[in-house]
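Open the structure in your viewer and keep the sequence alongside. The tour below goes from one selection to the next.

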Amino acid sequence: MTMMTEETTRYELPTEADTEALGARIGARLDKGDVVLLAGPLGAGKTVFARGIGRGLGVTGAVTSPTFVIAREHPPAPDGRGVALVHVDAYRLNFGANARAELDDLDLDTDLAAAAVVVEWGEGLAETLADRHLLVRLTRRDDDSRVAELTWTGA
């Protein structure tokens with residue numbers, strides 16, 4: 001029998017730089033096979049958080065929104081941690097009747113052998129990529145500050 005665990009931690013993020021810095025702290029701890037799902041409305045800071053994860057992992061290339069290409073791979077930099085980043089934007093997949101099949105077509109489970117996978121708009125869609133994942137729910141306030149709720153779920 002597999003035990004499911006869940007623990008949520010809440011962070012107040014006054015600035016965009018704070019959002020990126022929290023992402024970098026998470027990225028510094030991620031390893032190959034880790035899955036991070038980013039949730040929140042448009043403008044909540046999902047891509048900023050992903051950029052921080054890339055910085056924490058030490059990957060090459062600018063981490064930008066992959067909305068139109070759906071997924072981008074960022075190999076580890078020579079002075080990085082040796083973990084690649086696969087950054088996915090599932091926004092367009094969430095509106096199709098075959099969203100799960102389209103996500104499966106990306107073969108992200110294959111990428112997990114060498115990379116940490118970050119999926120924007122992945123809640124309710126990409127939880128099955130790994131036995132354990134981190135869900136980051138971002139909320140943007142009227143004053144442009146953000147709140148991040150981080151929940152590890154899984155075995």
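Start by selecting leucine 37 and leucine 135: leucine 37 stands opposite leucine 135, which lies in strand S6. Keep in mind that this is a predicted model.

Now widen the selection to residues 35-39, strand S2, and residues 132-140, strand S6. These two strands run parallel and are joined by four bridges.

Next, add residues 146-154, which form strand S7. S6 and S7 pair in the antiparallel sense, over nine bridges. To see one of the pairings, select arginine 132 and glycine 154, since glycine 154 in S7 is the bridge partner of arginine 132. Then go to the hairpin of S6 and S7, where five residues lie between the strands. Select aspartate 144 in this hairpin: its phi is positive, near 75 degrees.

Move on to helix H2, residues 46-57. How far apart are its end C-alpha atoms? They are 17 Å apart, which agrees with the 16 Å that 12 residues should span at 1.5 Å a residue.

Is H2 largely enclosed or not? Nine of its 12 residues are buried, so the helix is largely enclosed by the rest of the structure. Buried here means under 20% relative accessible area. To display them, select Lys46, Val48, Phe49, Ala50, Gly52, Ile53, Gly54, Gly56 and Leu57.

With those residues still shown, add what they pack against: helix H1 (16-27), S2, strand S4 (84-89), strand S5 (115-120) and S6. S2 and S6 are the parallel strands from earlier in the tour.

Finish at glycine 58, which follows H2 and has a positive phi near 75 degrees.

How values were computed. Residues numbered from 1 in each chain as written. Predicted model: local features only at pLDDT ≥ 70, side-chain atom pairs only at ≥ 80, totals over all residues. Heavy atoms only, no water. Pairing = 2+ DSSP bridges. Expected span 1.5 Å × (residues − 1). Buried < 20%, exposed > 50% of the residue type's maximum accessible area, 1.4 Å probe, protein only. Contact = heavy atoms within 4.5 Å.
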